[in-house]
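Student: I should like to go through this structure and ask how each term is justified.
Tutor: Please do; each answer will set a value against its definition.

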Amino acid sequence: MTLDESDAVRRDADDPGRRSMFLVPPAAGGRYEESAYLVGNSLGLQPRAVRDEMLAHLDDWATLGVEGHVEAHDPWENLPQRLALPSARIVGARPEETVVMNTLTVNLHLLMVSFYRPSGARHKIVIEDAAFPSDSYAVRSQAVLHGLDPETAVVRLRPRDGEDVLRTEDVIAAITDEVALVLLAGVHYLTGARCDIPAITAAGHAAGAVVGWDLAHAAGNVELRLHDWDVDFAAWCNYKFLNSGPGSPGSAFVHTRHLGDPSIMRLDGWWGTEAATRFDMAPVSRPPATADAWQISTPQTLALAPMTSALQLFDEAGLPELRARSRRLTDYLIEALDAISPGRPLEIITPREPERRGAQISVRVHGQDVGQLAKRLRFEHGVLVDSRKPDVIRLTPVPLYSSYHDCWRASAALAALC
Ligand SMILES: *Cc1c(COP(=O)(O)O)cnc(C)c1O
């Protein structure tokens, strides 16, 4: 039994979100014009304002050439510093703790150069066994960089038998006095489960470890208070929930406690010296006591351009409002999936309690090829979800632009195909 379509339409009229600010891809099949786009956890949709913003940068380049660094409508040389302000608000950081640069995995490496300092027995890195592969590869190579064996230096935590999500108490118990670094995901990419960042950070510190967070699936999805939670460092991308476009630069956070500390190692470049004397061409860097000290190279202006309008939408809506709508949308999606699940091979693996998850609902599909299922959802029903081998599909109604009708379409299409 699927829920009633007209009820979904009525909910959209009462609780419309900001879909009109975005470009929704046309459906590749089915009877509706627009896609039901439930993959904003992978690549957020294009805000309408982005095209003009990008064209304005191209016009500045055409008419100003190199003078655009200072004279462009949104001057190129300190665009990352302006973008650090909305970026900081999204994660509950201070502006000086936040820097926009590079991409996520590169930033994790740069931050581990600073914050993974194995010494004697205290040398291990704790991650999840089901960590995103890039994070797994990054921590292994960091261990090798320090002359350690990644098989013993990297501790991979598994959920208990029969469970999909790590328990906070099991994570805390694993932080022994051999652990130098804990690096976990704020929201898990596969299960959509939210980690208890303040509890694990505090326990890690009590055990003498540094605690860093990969916020790829958390930033712009759930409310965060990185400064107050005393997180050591964090990194996230801006192309998932933050809608800044394919390959957009990442953001990084370093807590004020560590800013300006001369004992902390960094890899330096001319963009990490203080801005006022950057062009003095001095032989030795003078890094500022801000997260900007972690910058290395010239900012990627054309890739940064969409972020101005994309992040502004978060300031306009406010995360509390977005999170509240996200709860309403996901509650509806869960209800719609529960309505079709009896007699079908579908099992929600994301925690049901709203405070233990964000916008993503992951569903295990038993005995069916999920890659094939995702294709049929797209080409026969115009519903975009993504699949992760061997048996999970992820459905993410994004509170800025997704509708109740998108959720209804996903459940109706799954009912037809499973
Ligand atoms: C999306 C994602 C990445 C991607 O990293 P890039 O360096 O931006 O390609 C890394 N880690 C996690 C947990 C992710 O979700």
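Student: What makes K240 a polar contact of the ligand?
Tutor: A polar side-chain atom of K240 lies 2.6 Å from an oxygen atom of the ligand. A polar contact is a pair of N or O atoms within 3.5 Å, so the pair qualifies. The protein buries 84% of the 390 Å² that the ligand exposes when taken alone (Shrake-Rupley method, 1.4 Å probe).

Student: On what model do these values rest?
Tutor: The model is predicted; local features need pLDDT of at least 70 and side-chain atom pairs 80 or more, whereas totals for chains, interfaces and linings use all residues. Residues are numbered from 1 along each chain as its sequence is written, and side-chain values use heavy atoms, without hydrogens and water.

Student: Which distance places D214 in polar contact with the ligand?
Tutor: A polar side-chain atom of D214 lies 3.1 Å from a nitrogen atom of the ligand. For Y239, a polar side-chain atom is 2.6 Å from a ligand oxygen atom.

Student: Why are L104 and F132 listed around the ligand?
Tutor: A residue is near a molecule if one of its heavy atoms lies within 4 Å of it, and therefore such residues are listed. Among them are L104, F132, A216 and H217.

Student: How are the domains bounded?
Tutor: Domain 1 comprises 5-48 + 318-417, and domain 2 comprises 75-238 + 250-298; the bounds come from an automatic or database domain assignment. Their centres, taken over C-alpha atoms, are 30 Å apart.

Student: How many residues of each domain are in contact?
Tutor: 18 residues of domain 1 contact 15 of domain 2, where contact means heavy atoms within 4.5 Å.

Technical notes:
Polar contact = N/O pair within 3.5 Å; in protein donor to acceptor, adjacent residues only side chain to side chain.
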